[in-house]
There are 2 protein chains.
Amino acid sequence: MTRKHSKYESGCPVAYALDIFGDRWGLLVIRDMAVKGARTYGELQNGWEGISTNILAQRLKQLEEAGILSKSKDPENGRSYIYALTQKGRDLAPVLADIALWSAKYNKAGHAMTGFSDKVRADRDGVITRIRAGKLP
Amino acid sequence: MTRKHSKYESGCPVAYALDIFGDRWGLLVIRDMAVKGARTYGELQNGWEGISTNILAQRLKQLEEAGILSKSKDPENGRSYIYALTQKGRDLAPVLADIALWSAKYNKAGHAMTGFSDKVRADRDGVITRIRAGKLP
DNA sequence: TTTGATAACTTGCATTTTGCAAGTTGATAG
DNA sequence: CTATCAACTTGCAAAATGCAAGTTATCAAA
């Protein structure tokens, strides 16, 4: 991620990853694609958290530059683009899965969604394998 | 995390977690404690990435409020406090481990640290168990 | 063909977060 | 007592995010 605040550059693996998706929206965009199957700008715009249009556009560009996702023209609709996670992006499945497990354990809110975390709890390896294969969890 | 930009509130587990550590520094503070064994403000201040003093103070307070870490007076040094990850914080070990593995696979920088990710690659469960038990990986 | 709708952004400005660097306060050591 | 240290705090600047209106290219219908 090309932030003005210089990248961490510490060489630590956690820092390296956070340089790519350690902002407010990066991992949520990736989640929308991996877990919900979002593929277009409009679908991502209609995500659960209400990302701003300028931030979404910027994030998509940065994640594309980081090799996390790819952007191609939609052959069936000249106005639309298709965004897809690359293998590099899909390989973040274990991170998403374990974050969901952690949250399921500690989030006491009554309105918490449990679909994804329930699936992970039931079959963590299966969920990860499917996301890595480009399928829904 | 009490950010003015309203919390996501979507109910999604990933969003719940990012509300707590989805800022620029949260997960790095947690890493410093889990992976390096940092326990004092000074040790955290001397982290690999150069966090600002005001941000560190603020983050420690927020993470304490979120139940990720605890703060207690150092009985041997009246000027110092000891910060320790709670079980809730230590339960983020799988997330840290997965991030490290992912980065080891995709970070091509020659100066990348490989200690933690090598340990995870060799024995992911062992690393997670040790961190969860409050030990170093 | 024209008109209206739509997808994907872009733009201008406001608010919030992070960064820099100096400063303060309480505790310790000599 | 003075000097040093640990843990912040403070004031301001820079960067990131949010809001809401706007623009452009493409598609669909009349």
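**Close-up views of the domain, chain and DNA contacts**

**View 1. Domain 1 and domain 2 of chain A.** No salt bridges (0 by the rule) cross the interface of domain 1 of chain A and domain 2 of chain A; a salt bridge is a side-chain nitrogen of Lys or Arg within 4 Å of a carboxyl oxygen of Asp or Glu. The model is predicted: local features need pLDDT of at least 70, side-chain atom pairs count only at pLDDT 80 or more, and totals for chains, interfaces and linings use all residues. Residues are numbered from 1 along each chain as its sequence is written, chains are lettered from A and ligands numbered from 1 in the order in which they are written, and side-chain values use heavy atoms, with hydrogens and water left out.

Chain A is assigned domain 1 (1-85) and domain 2 (92-137), with bounds that come from an automatic or database domain assignment. The C-alpha centres of domain 1 and domain 2 of chain A are 19 Å apart. Domain 1 of chain A puts 10 residues into the contact and domain 2 of chain A puts in 9, contact meaning heavy atoms within 4.5 Å. About 740 Å² is buried between domain 1 and domain 2 of chain A, 91% of it from carbon and sulfur atoms. In domain 1 of chain A, the residues that lose the most area to domain 2 are A:Leu27, A:Ala34 and A:Val35, together 56% of what that side buries. Buried area is the accessible area (1.4 Å probe) that two parts lose on being put together, summed over both.

The rule also finds 0 residue pairs in polar contact across this interface of domain 1 and domain 2 of chain A (both at pLDDT 80 or more). Helix H2 (residues 26-36) of chain A gives the largest share, 6 residues, of the side of domain 1 that touches domain 2. That side of domain 1 of chain A has 7 nonpolar, 1 polar and 2 charged residues. Ala, Val, Leu, Ile, Met, Phe, Trp, Tyr, Cys and Pro count as nonpolar, Asp, Glu, Lys and Arg as charged, and the others, Gly among them, as polar.

**View 2. The interface of chain B and chain A.** Chain B and chain A each bring 47 residues to their contact. They bury about 4100 Å² between them, with 66% of it on carbon and sulfur atoms. On the chain B side, B:Tyr8, B:Arg24 and B:Trp102 lose the most area to chain A, together 20% of what that side buries. The rule finds 4 salt bridges across the interface of chain B and chain A. B:Asp91 and A:Lys105 form a salt bridge in which the closest N and O atoms are 2.7 Å apart.

Residue pairs in polar contact across the interface of chain B and chain A number 16 (both at pLDDT 80 or more). A polar contact is a pair of N or O atoms within 3.5 Å; within protein, one must be able to donate a hydrogen and the other to accept it, and residues adjacent in sequence count only if both atoms are side-chain atoms. Helices H1 (13-21), H2 (26-36), H5 (87-90) and H6 (93-106) of chain B each supply at least two residues of the side of chain B that touches chain A. H6(B) gives the largest share of that side, 10 residues. By class, the side of chain B that touches chain A has 25 nonpolar, 10 polar and 12 charged residues. Helices (H or I, at least four residues) and strands (E, at least two) are DSSP runs, numbered from the N terminus.

**View 3. The protein around DNA strand C.** Among the 25 residues around DNA strand C, A:Thr53, A:Tyr83, B:Lys4, B:Trp25 and B:Arg59 come nearest. Of the atoms of DNA strand C that come within 4 Å of the protein, sugar and phosphate account for 65%. A residue is near a molecule or strand if one of its heavy atoms lies within 4 Å of it. A polar side-chain atom of B:Arg59 is 2.4 Å from a phosphate oxygen of DNA strand C, and one of B:Arg24 is 2.6 Å from a phosphate oxygen of this strand. A:Arg79 has a polar side-chain atom 2.9 Å from a base oxygen of DNA strand C. Helix H3 (41-45), H4 and strand E2 (81-85) of chain A, together with H4 of chain B, give two or more residues to the surface near DNA strand C. H4(B) gives the most, with 4 residues.

**View 4. The protein around DNA strand D.** A:Lys4, A:Trp25, A:Arg59, B:Thr53 and B:Tyr83 come nearest of the 26 residues around DNA strand D. Sugar or phosphate holds 68% of the atoms of DNA strand D within 4 Å of the protein, and bases hold the rest. An N or O atom in the side chain of A:Arg24 is 2.7 Å from a phosphate oxygen of DNA strand D. Backbone N or O atoms also approach phosphate oxygens of DNA strand D, at 2.9 Å for B:Gly42 and at 3.0 Å for A:Gly78. H4(A) supplies the largest share of the surface near DNA strand D, 4 residues. That surface divides into 6 nonpolar, 12 polar and 8 charged residues.
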